[in-house]
Amino acid sequence: MSKELCSVCGSREAVYFRRASGEKLCARCLERSIIKNLRRGLSRVKDLLKPKSILLYIIPPFRVIEGITILYLLDAIEKSFGSVFYALAPNTLTNVKLSPRNVYGILYYKYHSEGPCVEAKEIIDSIIAIITTHIRRLEPKPKLAITPLTLNDFAEYVLSRTIKGELPEDLGLIRVNGTILINPLINTLREDILVLAYHKGIFRYVRDFCVNYCEDYKVITELIAELCKEHHEVVYRLPRTLELIRSYVRKGAQHPSFLRLP
Ligand SMILES: [Zn+2]
């Protein structure tokens, strides 16, 4: 049986069919494509990526595989920024070789889980809490913190908020006590990262350090995974759709009739 070639480079064997674009990618072209998205996401804060500026990268406790994979990619591109690069990792990973070349220091945070049930909003809240605690240990204080959250996290967050009748917030850029928290891969599917993790061997050596999800959260995760497979265009449009809804809500709130009681 003949091997399928990568539709981007046309020379290496394709290892991944990316449904959203119809591309068949080799591991190297998949990595390049994710790095391109990472750079594009970071371009929103390019003024903060100056030489010697302090950069904080967080591996959330429930996104360990994605976290280490993106750390690997950040490590590869970070030297072009010339910043001082710290990584924050859960203490469950103290025995895992993270081995980034340019990381100035790895700080471990203690993770106390109340239970295994964690939804996207809780992950974001725990990231904010961990950053708030640990930026105090760094002098000067980092102006920028980066997370490995993906479009799936964003979609799961939107779905769980909408079920509860709440308007989800913008996750692209969050401010935490003067530090900007950016999710540069908020437009990239988690599947892309996991396939790359598998081909880099990261998936195999860190999977035992990952925490399981509870059943309720699994339902939302699986719903989004199914939606990504069958209607990926809906998931890709979510950030823009939500931004439009927010702008209409803001407009409505300014309109006097919005405040009038029936
Ligand atoms: Zn290729």
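Here are short questions and answers on the structure above.

Reader: What kind of model is this, and how are residues numbered?
Author: Residues are numbered from 1 along each chain as its sequence is written. Local features need pLDDT of at least 70, side-chain atom pairs count only at pLDDT 80 or more, totals for chains, interfaces and linings use all residues, and the model is predicted.

Reader: How many helices and strands are there in the protein?
Author: Helices (H or I, at least four residues) and strands (E, at least two) are DSSP runs, numbered from the N terminus. On that basis the protein has nine helices and eight strands.

Reader: What share of the residues counts as buried?
Author: A residue is buried if 20 or more other C-beta atoms lie within 10 Å of its own, exposed if 12 or fewer, and partly exposed in between; C-beta atoms are placed from the backbone. Of 262 residues, the buried share is 33%.

Reader: In what order do the six strands of the open sheet run?
Author: Two strands pair if DSSP finds at least two bridges between them. The pairing in this sheet is mixed, and the order is β5-β4-β3-β6-β8-β7.

Reader: Which strands are at the edges of that sheet?
Author: An edge strand here pairs on one side only. The two are β5 (103-109) and β7.

Reader: How do β7 and β8 pair, parallel or antiparallel?
Author: Residues 173-176 form β7 and residues 179-182 form β8. Ile174 has Leu181 as its bridge partner, and Val176 stands opposite Thr179. The two strands form a hairpin with two residues between them. Over four bridges, the sense is antiparallel.

Reader: What is phi of Asn177?
Author: Most residues other than glycine have a negative phi. Asn177 lies in the loop between β7 and β8. Asn177 is exposed, with 10 other C-beta atoms within 10 Å. Its phi is positive, near 45 degrees.

Reader: Which residue in the loop between α1 and β3 has a positive phi without being glycine?
Author: The loop in question precedes β3 (54-58). The residue is exposed, with 9 other C-beta atoms within 10 Å. Its phi is near 70 degrees, and it is Lys52.

Reader: Which helix gives the most to the largest nonpolar core?
Author: A nonpolar core is a set of buried Ala, Val, Leu, Ile, Met, Phe, Trp, Tyr and Cys residues joined through C-beta atoms within 7 Å. The largest has 59 residues, and Leu56, Tyr57, Ile58 and Leu88 have the most contacts inside it. With seven residues, the top contributor is α2.

Reader: Which residues does Tyr57 contact, leaving aside neighbours within four places in sequence?
Author: Two residues are in contact if their C-beta atoms, placed from the backbone, lie within 7 Å. With those neighbours set aside, the partners of Tyr57 are Leu71, Leu74, Phe85, Ala87, Leu88 and Ile146.

Reader: How far apart are the end C-alpha atoms of α4?
Author: The expected span of a helix is 1.5 Å times one less than its number of residues. For the 13 residues of α4, that should be 18 Å. The computed distance agrees, at 18 Å.

Reader: Which glycine follows α5?
Author: Helix α5 covers residues 190-199, and its buried residues include Ile193, Val195 and Leu196. Among the elements that cover the buried residues are α1 (27-42) and α4 (151-163). The glycine after α5 has a positive phi near 80 degrees, and it is Gly201.
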